[in-house]
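Trainee: Got a minute? I'd like to go through this one with you.
Mentor: Sure, put it up.

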Amino acid sequence: MGTERLATRLAAVVGPAHVLADPGLRASYETDFTGRWTGRARLVVRPGDTAQVAEVLRTCRDAGVPVLPQGGNTGLVGGSVPTPAGDQVVLSLRRLDTVGPVDPDARQITVGAGLTLAALHGRLRPQGWEFGVDLASRDSATLGGMIATNAGGERVLKYGTTRANVAGLQAVLADGTVLDRLAGLPKDNTGYDLTGLLVGSEGTLAVLTAARLRLVPRPRHRVGALLAVDSIAAATALVTRLRGLESLELAEFFTAEGLDLVLEHTGLPAPFRARHPVHLLVECAARHDPTDELADLLADADVLDVAVAVDAADRHRLAAYRERHTEAINAAGTPLKLDVTLPTAALPGFAAELPGLLDGRARPYLFGHLAEGNLHVNLLDVAPADEEAVVLAVLGRVAAAGGSISAEHGIGRAKARYLHLTRSAAEIRAMRAVKSALDPTWLLSPGTLLAGPD
Ligand code: MLT
Ligand code: ZN
């Protein structure tokens with residue numbers, strides 16, 4: 001079917017204003033945040049509800065047109081932007097941004113897939129509730145995208161990844177069939193866990209349209225601290241001790257090199273007079289004030305410098321040194337982003353070996369979520385001819401250490417050809433069988449996660 005005819009059909013479903021054919025209007029849907037992943041959409045279509053999503057999918061299925069679901073386009077592995085081929089329809093879920101009432105008995109809320117995380121936090125805060133997942137891209141990241149990628153973020157040590165915070169989903173299959181699992185029952189042993197299957201499926205099995213989310217009562221007190229230590233090994237040991245505090249909610253790290261970029265990019269003042277090798281950002285939250293227990297634990301800890309934040313403004317000020325790494329690195333170049341998990345004991349050895357693995361082919365910046373052994377290995381100045389070898393050197397070392405080649409960003413298009421490094425052939429066969437069962441013509445998110453049909 002020609003693009004004009006397809007546009008007319010889709011306009012009849014969502015309204016002409018929500019079918020974007022003009023290159024200028026499509027542009028923000030076609031390039032990711034880093035600028036590394038860029039492509040061309042055949043059309044961008046913006047449905048306003050689940051019924052329209054289903055009709056759009058039926059129309060595209062009948063026309064044999066591939067569809068790329070997209071939330072806030074904050075993904076970092078190329079799964080949220082179309083390929084350069086120009087054959088995919090980008091299905092933006094951003095207009096599905098409804099928010100239901102908080103159900104205090106179930107401790108749950110139903111939201112549309114296009115709601116941003118910041119909007120959800122903003123809605124819950126005055127009501128005394130909280131969604132456990134939080135991450136730096138909260139202003140743009142949508143709940144649908146976070147669920148599709150099983151986003152992790154900063155509070156996984158306390159609340160788990162997004163998966164642990166989703167009680168149910170509504171989703172539409174490639175043929176337009178709506179699956180409704182929004183009841184959120186705490187006990188429901190009735191067969192396959194379709195919600196669990198769709199979380200982390202990266203838009204390859206269905207288009208997520210709404211979610212039932214688990215909530216927690218908002219802790220009354222929060223305290224934060226920025227700690228300077230002399231090595232990643234020291235930071236890891238400190239996190240092990242801090243985990244003794246039940247109130248510990250977040251333990252994030254970054255190095256001197258990353259902080260230099262953040263200071264240069266943001267103009268923020270340095271957190272300490274001295275330049276320290278490694279920084280650990282921690283936050284504790286509880287019904288009681290956790291300041292004393294944090295101070296007690298730190299009193300005899302091996303730290304070089306400490307800054308404590310007792311109010312929200314101060315906490316945000318300290319968190320900025322960590323959270324603004326992504327934009328500061330982007331400002332310095334187009335990063336090759338690797339996002340790996342290693343067993344905690346293997347972290348210091350990996351960090352020490354990294355320069356040797358890179359062998360002068362990249363400028364590395366390390367930061368991330370230390371409690372989960374999740375390192376963001378951001379590489380600048382990698383020559384295109386070296387990319388493949390550099391990625392294989394790093395991911396191969398991670399796989400050999402028993403880690404994962406994607407901790408929280410997903411596989412996307414960036415890592416699809418490396419999936420075999422940490423998933424067995426039998427597992428990949430099973431995944432492909434599930435994909436073929438739910439999306440028989442492989443029209444959803446082609447090239448993401450699994451390379452393509454046989
Ligand atoms: C973060 O932890 O800030 C995000 O995963 C983004 C990134 O890795 O750049
Ligand atoms: Zn992260």
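Mentor: One term before we start: contact, or touching, means heavy atoms within 4.5 Å. Also, keep in mind that this is a predicted model.

Trainee: Okay. Which residues does phenylalanine 350 touch, leaving out those up to four places away in sequence?
Mentor: Leu342, Leu357, Leu375, Val377, Val394, Arg397 and Val398.

Trainee: And which residues touch the most other members in the largest nonpolar core?
Mentor: Phe350 is one of them, along with Leu242, Leu280, Val282, Leu294, Val377 and Leu379. That core has 55 residues.

Trainee: Which helix gives the most to this core?
Mentor: Helix α13, residues 347-358, with six residues.

Trainee: What about the second core, what does it include?
Mentor: It is separate and has 29 residues, among them Leu120, Trp129, Leu198 and Leu213.

Trainee: Any general reason to look for cores like that?
Mentor: In soluble globular proteins, nonpolar side chains tend to be buried together.

Trainee: Switching to the metal. Which protein donors does the zinc ion (ligand 2) have?
Mentor: His369 through NE2, His376 through NE2, and Glu408 through OE. They lie 1.9 to 2.1 Å from the zinc ion.

Trainee: What spacing do the donors follow along the chain?
Mentor: H-x6-H-x31-E. Histidine 369 sits in strand β16, residues 363-369. Glutamate 408 is in the loop between α14 (387-400) and α15 (425-438). The two are 39 residues apart, so the pair links distant parts of the chain.

Trainee: Are histidine 369 and glutamate 408 buried or exposed?
Mentor: Both are buried.

Trainee: Cysteines next. How many disulfides are there?
Mentor: Zero.

Trainee: Why does cysteine 60 count as buried?
Mentor: Because its relative accessibility is 0%, and the cut-off for buried is under 20%. Cysteine 284 counts as buried on the same grounds, also at 0%.

Trainee: Now the whole chain. How many helices and strands?
Mentor: The protein chain has 15 helices and 17 strands. Buried residues make up 55% of its 454 residues.

Trainee: What radius of gyration does the protein chain have?
Mentor: It has 22 Å, which agrees with a compact globule of 454 residues, expected near 22 Å. The C-alpha atoms fill a box of roughly 70 × 55 × 45 Å along the principal axes.

Trainee: And what share of contacts join residues at least 24 apart?
Mentor: 73%, among contacts between residues at least 6 apart in sequence.

Trainee: Last one: how much accessible surface does the protein chain have?
Mentor: About 18600 Å², with 52% of that belonging to carbon and sulfur atoms.

Key: Residues are numbered from 1 along each chain as its sequence is written. Chains are lettered from A and ligands numbered from 1 in the order in which they are written. This is a predicted model: local features need pLDDT of at least 70, side-chain atom pairs count only at pLDDT 80 or more; totals for chains, interfaces and linings use all residues. Side-chain values use heavy atoms; hydrogens and water are left out. A disulfide is a pair of cysteine sulfur atoms within 2.5 Å. Buried means under 20% relative accessible area, exposed over 50%, partly exposed in between (1.4 Å probe, protein chains only). A nonpolar core is a set of buried Ala, Val, Leu, Ile, Met, Phe, Trp, Tyr and Cys residues joined through side-chain atoms within 4.5 Å. Helices (H or I, at least four residues) and strands (E, at least two) are DSSP runs, numbered from the N terminus. The radius of gyration is taken over C-alpha atoms; the globule rule is 2.2 Å times the number of residues to the power 0.38. Accessible areas come from the Shrake-Rupley method with a 1.4 Å probe; for residues, only the protein chains shown count as cover. Donors are N, O and S atoms within 2.8 Å of the metal (3.2 Å for Na, K and Ca); water is not among the atoms, so sites may look incomplete.
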